[in-house]
Amino acid sequence: MGRIHLLSEQVANKIAAGEVVERPASVVKELLENSLDAGSTRIRIQIEAGGKKLIQITDNGSGMLRDDALLAFERHATSKIKNAEDLLSVSTLGFRGEALPSIASVSRLRLETKAGDESSGTVVEINGGKIFKVEEAGLPLGTSITVRDLFFNTPARKKFLKAESTELSHIASLVTHYALAHPDKHFELHSATNAVFIAVPVEGYSERVYQVFGKEVLDQLIPVAAAQPLERIGLPQPPPWRRTEEDQQPGSRDPGEIRLHGFVSKPEIQKLNRNSIYVFVNGRLIRDRLIQHALTDAYRNILPPTVYPVVLLFLELPTEEVDVNVHPSKTEVRFRQQTVMHDFVRDSVRAALMKARPVPQFATEIRAHPTAGPSLSAGGRVAMTEGSAALAAAYVAPPQEFTLQAPVPPPINTQFQFSGGVNLEGNAAVSLARAPKVAESDGCAPPLHDEPESVSELAPSLASLKPLGQIRESFILAVNREGLWIVDQHVAHERVLFEKVLRQQAAQKVESQRLLMPLVIELTPAQQAVFAEISDELAKNGFEAEPFGNRSIAVKIAPAGVDASQIVHMLHELLDQLSHEDQALNMERVCGRIAASIACHAAIKINMPLEHNKMEWLLSELAKTECPMTCPHGRPVVLRYSLKDIQKAFKRI
Ligand code: ADP
Ligand code: MG
């Protein structure tokens with residue numbers, strides 16, 4: 001890292017201004033970013049009392065020369081940028097030169113640092129912004145910053161700090177995220193009493209996810225990777241005096257590419273908020289509405305609109321393509337080519353989801369319900385004490401053992417309490433199900449004469465399903481070599497019709513039927529407003545309806561397949577749904593909603609007997625759909641009890 005200098009006033013004024021030290025976690029964030037910028041490969045963080053009493057970060061990075069160690073505490077002193085142009089292509093996490101002085105002004109800070117080419121290191125101590133000690137000392141290479149008594153001189157801010165455990169969990173989640181973004185580095189987080197988080201360097205990102213969250217989480221994720229060359233268009237031109245000859249010739253300079261990699265969750269994982277969505281842009285953790293919108297679009301018709309996936313995405317793009325100087329806390333960015341970014345993320349994630357077509361398993365579906373829980377905050381897992389880890393292991397016993405097993409005595413529920421405050425339900429049935437395996441050679445269980453299950457999770461073949469019959473005239477039971485499947489007949493048909501209507505919409509030929517008698521439907525004022533707004537879209541979707549008197553409409557033509565008795569209900573529901581949407585209605589959304597509504601109302605109902613050939617037809621149509629595993633509202637369409645699970649339950653493997 002180069003030498004530190006003061007930014008000119010003119011440059012300093014261009015930097016998004018504001019205070020960044022809000023709480024212990026923001027101190028940790030700034031110091032951690034500094035350590036990463038200094039090229040550290042090993043970072044140790046020690047916390048006491050949730051960071052209120054002590055925050056100490058020790059790294060093995062480049063360290064600072066003696067003069068720099070003092071200069072670092074001046075406002076707008078940085079080694080990372082020099083002039084206003086540099087702000088257009090920031091490649092470090094920091095660049096504002098404000099963190100150290102801000103932190104030093106509200107704490108008792110001690111800096112120990114030694115740069116590679118110096119024989120000794122420097123110690124600086126500052127109390128509430130006033131330097132009171134500078135001395136030479138023998139120190140190892142790198143930097144250690146100790147921040148004690150945060151906000152000791154600003155009691156008003158101190159009052160706003162949350163409980164120690166809350167502050168620690170914020171810090172833990174922050175450190176976890178940076179560890180995820182840098183699998184090749186060593187991170188340690190210690191509290192006064194125990195090691196909260198330790199991540200040794202690993203080979204790659206999946207290894208890191210496994211290390212941090214465990215196998216269960218990794219199994220629920222689908223890897224994504226994509227790259228797209230950037231067009232030259234949109235790249236900012238260097239100022240005339242810095243243009244090279246190369247820049248003059250159009251097309252000669254490689255504008256680079258955008259790359260994306262990471263993980264997105266299978267549709268059965270549903271979260272009630274966006275807290276499990278992590279997006280990194282060039283190694284920086286950000287919150288960005290554009291990317292969030294792209295993700296929502298990618299999951300459209302796979303997840304219901306009110307729930308969210310788990311996402312861990314790393315975006316890499318040329319530094320000129322992203323403006324990081326938007327907000328003082330540097331958690332927001334602005335992409336220069338917003339539409340390109342949006343569509344790239346949407347399409348890459350969508351493609352990964354389509355390719356994976358994950359099959360919901362019985363047991364995961366039984367347990368699947370939207371959760372707000374801290375699934376991807378490492379606090380839950382890494383803060384476990386040894387005892388609770390053992391209990392958790394019992395809980396995460398293969399979930400399929402809850403299902404299809406010999407009757408067991410009524411389960412006794414016990415509640416386990418994590419130190420992190422996460423409640424886990426234990427079930428006595430688990431331990432019964434884990435009884436020793438039946439001896440293999442008892443003649444009762446000859447090995448299955450079949451090739452080993454060679455089923456690829458990625459391409460389950462619905463096309464080979466043979467229907468056996470229905471359960472309660474609602475669920476189709478079917479088999480193929482992969483195992484036993486249960487198909488919800490209503491949602492399966494809904495998926496088939498939904499995609500059919502979407503295709504018809506695209507071709508502008510939605511099938512319709514003339515009603516024997518016009519249907520007069522009374523609307524509430526809110527419904528009337530939406531009707532006026534979407535009447536064109538309704539017309540394109542096979543409706544012919546016109547105002548009838550003050551508050552009613554008369555429907556003469558309706559989409560094919562929807563029973564006349566359903567039309568009133570369907571229109572009311574649709575208009576209500578759209579009136580509750582908080583986003584402006586756009587045509588694509590409206591058409592999607594209409595297609596889902598037509599599909600739902602025209603689909604085979606449950607409690608309806610189906611002839612064998614009808615079941616065969618439905619399964620083969622389902623197999624042809626683009627997204628056969630979930631209905632347009634995000635519910636699973638099929639459940640699979642895999643051959644492996646069946647063998648396991650019969651104690652054959
Ligand atoms: P910024 O990171 O925006 O430059 P800071 O106030 O966070 O501003 O840090 C000021 C300067 O101190 C940095 O530019 C860097 O040169 C130096 N510095 C801070 N922390 C470290 C560290 N852990 N290792 C080496 N240098 C550091
Ligand atoms: Mg910094």
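Let's begin at the surface, with Arg 472: this residue is exposed, with a relative accessible area of 71%. The model you are looking at is a predicted one, and Arg 472 is a good place to enter it. You will find Arg 472 in the loop between β20 (466–471) and β21 (475–480). Its backbone deserves a look too, since Arg 472 has a positive phi of about 50 degrees although it is not a glycine. Most residues other than glycine have a negative phi.

Ala 49 is another residue to inspect for its backbone. Here, too, phi is positive, at about 50 degrees, and Ala 49 is not a glycine. Ala 49 sits in the loop between β2 (42–48) and β3 (54–59). Is Ala 49 exposed, partly exposed or buried? With a relative accessibility of 22%, Ala 49 counts as partly exposed, because buried would require a value under 20%.

Now step back to the whole chain. The protein chain contains 21 helices and 26 strands. Of its 653 residues, 48% are buried. If you take the contacts between residues at least 6 apart in sequence, 74% of them join residues at least 24 apart.

For a close look at one helix, turn to α18, which covers residues 564–579. This helix has 16 residues and spans 23 Å from its first C-alpha to its last, close to the 22 Å expected at 1.5 Å a residue. Which residues of α18 are buried? They are Ile 567, Met 570, Leu 571, Leu 574, Leu 575 and Leu 578. Looking down the axis of α18, you would see these buried residues fall within an arc of 120 degrees, so they line one face of the helix. What do the buried residues of α18 pack against? Their partners are β23 (512–522), α17 (525–540), β25 (552–559) and α19 (587–602).

Strand β23 also leads us to the salt bridges, of which a search of the whole structure finds 26. In one of them, Arg 551 pairs with Glu 522, and the closest N and O atoms are 3.7 Å apart. This pair links distant parts of the chain: Arg 551 is in the loop between β24 (544–548) and β25, while Glu 522 is in strand β23, 29 residues apart. Arg 551 is partly exposed, with a relative accessible area of 48%, whereas Glu 522 is exposed, at 52%. The two fall into separate classes because exposed means over 50%.

A second salt bridge joins the side chains of Glu 316 and Arg 259, at 3.4 Å from N to O. Here again distant parts of the chain are linked, with Glu 316 in strand β15 (residues 311–316) and Arg 259 in strand β12 (residues 257–265), 57 residues apart. Glu 316 counts as partly exposed at 26% relative accessibility, and Arg 259 is partly exposed as well, with a relative accessible area of 36%.

A third salt bridge is formed by the side chains of Arg 110 and Glu 112, at 2.7 Å from N to O. Arg 110 is partly exposed at 26% relative accessibility, and Glu 112 is partly exposed with a relative accessible area of 23%. This pair has company: Arg 110, Glu 112, Glu 125 and Lys 133 are linked in a network of salt bridges.

Another arginine to visit is Arg 336, in the loop between β17 (334–335) and α11 (338–356). Arg 336 is partly exposed, with a relative accessible area of 29%. What does the side chain of Arg 336 reach? It comes to 3.5 Å from the backbone oxygen of Leu 88. Arg 336 and Glu 320 are 16 residues apart in sequence, and their C-alpha atoms are 8.2 Å apart in space.

Our last stop is ligand 1. How many residues surround ligand 1? There are 23, and the closest are Asn 34, Thr 78, Ser 79, Lys 80 and Gly 97. You can also trace individual polar contacts. A polar backbone atom of Phe 95 is 3.0 Å from an oxygen atom of ligand 1, and a backbone N or O atom of Leu 100 lies 2.9 Å from an oxygen atom of the ligand. On the side-chain part of the story, an N or O atom in the side chain of Thr 143 is 3.3 Å from a nitrogen atom of ligand 1.

Terms used
Residues are numbered from 1 along each chain as its sequence is written. Chains are lettered from A and ligands numbered from 1 in the order in which they are written. This is a predicted model: local features need pLDDT of at least 70, side-chain atom pairs count only at pLDDT 80 or more; totals for chains, interfaces and linings use all residues. Side-chain values use heavy atoms; hydrogens and water are left out. Helices (H or I, at least four residues) and strands (E, at least two) are DSSP runs, numbered from the N terminus. The expected span of a helix is 1.5 Å times one less than its number of residues. Buried means under 20% relative accessible area, exposed over 50%, partly exposed in between (1.4 Å probe, protein chains only). The arc is that of the directions from the helix axis to the C-beta atoms. Contact means heavy atoms within 4.5 Å. A salt bridge is a side-chain nitrogen of Lys or Arg within 4 Å of a carboxyl oxygen of Asp or Glu. A polar contact is a pair of N or O atoms within 3.5 Å; within protein, one must be able to donate a hydrogen and the other to accept it, and residues adjacent in sequence count only if both atoms are side-chain atoms. A residue is near a molecule or strand if one of its heavy atoms lies within 4 Å of it.
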